Amino acid sequence: MPREGRSPGRRRLSRPARLTLGFLAASASVGLLASLYAWLTLEPDIGAPRPAVVLAGVGVAVGTMANLLLRFLRWQYLLRRFGVRVAAPASLGAFVGSFAFLPIPLYVGQLIARARLVTDVGAVQRGYLLLAFLWERVLDLWALAALYAVLAAP
């Protein structure tokens, strides 16, 4: 029997997805509180930031979220192109959870995290998951090369 307030057809986020999103929310909260504390106590005579600074900060935050959203959509698209069907919440949990392993060289940690966090695929589909990850890195290199070509043009 479904809980009250939830429709019976709606899936819950997986435990790794809930933990990852909770960790990200907690990290963002701690960062904001630490920044507020530093702003109020360490330099009390600085005053409030100018509206242009606040607007620039909001622009950076929105741009970052848009970048991550587009990268997730690309990840989902690549998975679907290779025939790997993963529910969006589980895929989002694996996508976001893999960012914790970025410091490991050559993206090996991120690859292992995604392969471990996506649990509802078979062995053959795990190979396609690896292929989608490699294509994602190739497309990252292509985007960097395109940006360099634009910036280096005379």
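Student: Is phenylalanine 82 buried or partly exposed?
Tutor: This is a predicted model, and all values here are computed from it. Buried would require under 20% relative accessible area. Phenylalanine 82 has a relative accessible area of 22%, so the residue counts as partly exposed.

Student: Which residue forms an aromatic pair with phenylalanine 82?
Tutor: The structure holds 3 aromatic pairs. In one of them, which is stacked, the rings lie 6.3 Å centre to centre with 10° between the planes. Phenylalanine 82 lies in the loop between α2 and α3 and its partner in helix α5, so the pair ties together parts that are 46 residues apart in sequence. The partner, partly exposed with a relative accessible area of 37%, is tyrosine 128.

Student: Which residues form one aromatic cluster?
Tutor: Three phenylalanines come together in a cluster. One of them, Phe95, is among the buried residues of α3. The cluster consists of Phe72, Phe95 and Phe99.

Student: How many residues of helix α3 are buried?
Tutor: Helix α3 spans residues 88–97 and is mostly covered. Its buried residues are Ala90, Ser91, Gly93, Ala94, Phe95, Val96 and Gly97. Out of 10 residues, the number buried is 7.

Student: Which residues touch the most other members of the largest nonpolar core?
Tutor: In soluble globular proteins, nonpolar side chains tend to be buried together. Here the largest nonpolar core has 15 residues. Helices α2, α3 and α5 are the elements that give two or more residues to this core. The members touching the most others are Trp75, Leu79, Val86 and Val118.

Student: What does valine 86 touch, not counting residues up to four places away in sequence?
Tutor: Valine 86 is among the members of the largest nonpolar core that touch the most others, and Val118 is another of these. Its contacts beyond those sequence neighbours are Gln76, Arg80, Ser91, Val118, Asp120 and Val121.

Student: With which residues does arginine 74 form a salt bridge?
Tutor: Side chains of opposite charge can pair when their charged atoms come close. In one salt bridge of arginine 74, to glutamate 136, the closest N and O atoms are 3.6 Å apart. In another, to aspartate 140, that distance is 2.8 Å. The partners are glutamate 136 and aspartate 140.

Student: How many residues apart in sequence are the parts tied together by arginine 74 and aspartate 140?
Tutor: Arginine 74 is buried, and aspartate 140 is buried with a relative accessible area of 15%. Arginine 74 lies in helix α2 and aspartate 140 in helix α5, so the pair ties together parts separated in sequence. The separation is 66 residues.

Student: Which residue in helix α4 meets glutamate 136 in a salt bridge?
Tutor: Glutamate 136 lies in helix α5, 22 residues from this partner. The N to O distance is 2.6 Å. Glutamate 136 counts as buried at 0% relative accessibility, and the partner is buried with a relative accessible area of 0%. That partner is arginine 114.

Student: Which residues are linked in a network of salt bridges?
Tutor: The count of salt bridges comes to 6. Arginine 74 and arginine 114 both bridge to glutamate 136, and each of these three belongs to the network. Its members are Arg71, Arg74, Arg114, Glu136, Arg137 and Asp140.

Student: Over which rings does arginine 137 lie?
Tutor: The charged end of arginine 137 is 4.6 Å from the centre of one ring, that of tyrosine 107. From another ring centre, that of phenylalanine 133, the distance is 4.8 Å. The rings belong to tyrosine 107 and phenylalanine 133.

Note on methods
Residues are numbered from 1 along each chain as its sequence is written. This is a predicted model: local features need pLDDT of at least 70, side-chain atom pairs count only at pLDDT 80 or more; totals for chains, interfaces and linings use all residues. Side-chain values use heavy atoms; hydrogens and water are left out. Buried means under 20% relative accessible area, exposed over 50%, partly exposed in between (1.4 Å probe, protein chains only). Helices (H or I, at least four residues) and strands (E, at least two) are DSSP runs, numbered from the N terminus. A salt bridge is a side-chain nitrogen of Lys or Arg within 4 Å of a carboxyl oxygen of Asp or Glu. A nonpolar core is a set of buried Ala, Val, Leu, Ile, Met, Phe, Trp, Tyr and Cys residues joined through side-chain atoms within 4.5 Å. Contact means heavy atoms within 4.5 Å. Rings of Phe, Tyr and Trp (its six-membered ring) pair if their centres lie within 6.5 Å; planes under 30 degrees apart count as stacked, over 60 as edge-to-face and the rest as tilted. A charge sits over a ring if NZ of Lys or CZ of Arg is within 6 Å of the ring centre and within 35 degrees of the ring normal.
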